[in-house]
Amino acid sequence: MIAPLPPTGDNRLGCVAEDLASKGWSWQPGLLPEALLTALRNEIQALDADAVLAPAGIGRDDAFQVDRSIRKTRITWLSGASPAQIAFADWAEGWRESLNRALLLGLFEFEACYAVYPEGGFYDRHLDSFEGARNRIVSIVVYLNEDWGPEDGGALVVWPEGAAASDAPAACIVPEGGGVVFMLSETIPHEVQPTTRLRFGIAGWWRVNPAIDGRAIPID
Ligand code: OGA
Ligand code: MN
């Protein structure tokens, strides 16, 4: 049984909202509540040991391919199948509501997957939302690692909106457990540098309400 979570949207919300509005990304060390971090870490490690996670693809459904020259990760989608996943969904829902209040983004639905990078795993520079489809609006990455240091590799490199790969990055983030990155999915290029250890995390995205014939689908 997981203890009730402290409410989100304390002083951190102001920082995240301000960062997203001004630069399009935000790094928040130690944001995930400790009990939730432990529960999710135990679950991802158990799933990985049972080889439940599958190699991740790139591209949209119709162009799905497993291309290890771009990405080397194992993933499994979160489905609310355990108390840890339900608690995580509640935590993410708190952030959805807070970000909508602060930034009027109209974030509507959330999806997330566990992601394990094996030794030597990486993810080349990319955007999370594909051109021509306004699907993913805000991305989050939640790190579940233990005792991670710069020497372990696997850093997340983030560039400012519009920056070329040859431009200086905005940040190089060490994926410490409990840290959370927020990024605007359509504009912030990022990559995962090769890791020298198993690297555990959750990648998630909020989408807006998909419109049909230009009209939002009623919620009820
Ligand atoms: C992704 C991603 C970054 C990370 O899954 O799209 O960019 O640090 N992950 O794991
Ligand atoms: Mn990404």
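**Ligand 1 pocket, Arg207 and helix H2**

The shell around ligand 1 breaks down into 7 nonpolar, 2 polar and 2 charged residues; here Ala, Val, Leu, Ile, Met, Phe, Trp, Tyr, Cys and Pro count as nonpolar, Asp, Glu, Lys and Arg as charged, and the others, Gly among them, as polar. This is a predicted model, where local features need pLDDT of at least 70 and side-chain atom pairs count only at pLDDT 80 or more, while totals for chains, interfaces and linings use all residues. Residues are numbered from 1 along each chain as its sequence is written, chains are lettered from A and ligands numbered from 1 in the order written, and side-chain values use heavy atoms, with hydrogens and water left out.

**Around ligand 1**
- The surrounding residues are Tyr117, Tyr123, His126, Asp128, Val141, Tyr143, Leu156, His190, Val192, Arg199 and Ala203, each with a heavy atom within 4 Å of the ligand.
- An oxygen atom of ligand 1 sits 2.6 Å from a side-chain N or O atom of tyrosine 143.
- For histidine 190, the distance from a side-chain N or O atom to an oxygen atom of ligand 1 is 2.9 Å.
- On its own, ligand 1 has 290 Å² of accessible area (Shrake-Rupley method, 1.4 Å probe), and the protein covers 96% of that 290 Å².
- Strands S6 (122-126), S7 (136-143), S11 (190-192) and S12 each give two or more residues to the shell; strands are DSSP runs of E with at least two residues, helices are H or I runs of at least four, and both are numbered from the N terminus.

**Arginine 207**
- Arginine 207 lies in S12 (residues 199-208).
- With a relative accessible area of 18%, arginine 207 is buried (buried is under 20%, exposed over 50%, partly exposed in between; 1.4 Å probe, protein chains only).
- Its contacts (heavy atoms within 4.5 Å) include Gly106, Phe108, Glu111, Asn135 and Ile137, leaving aside residues up to four places away in sequence.

**Helix H2**
- H2 (residues 34-49) has 16 residues and should span 22 Å at 1.5 Å a residue, which agrees with its end C-alpha atoms being 22 Å apart; the expected span is 1.5 Å times one less than the number of residues.
- Its buried residues are Leu36, Leu37, Ala39, Leu40, Arg41, Glu43, Ile44 and Asp48.
- Cover for those buried residues includes strand S4 (74-77), helix H3 (83-103), strand S5 (107-117), S7 and S12.
- After H2 comes alanine 51, with a positive phi near 55 degrees.

**Whole chain**
- The protein chain has 3 helices and 14 strands.
- Of its 220 residues, 48% are buried.

Definitions and conventions:
Polar contact = N/O pair within 3.5 Å; in protein donor to acceptor, adjacent residues only side chain to side chain.
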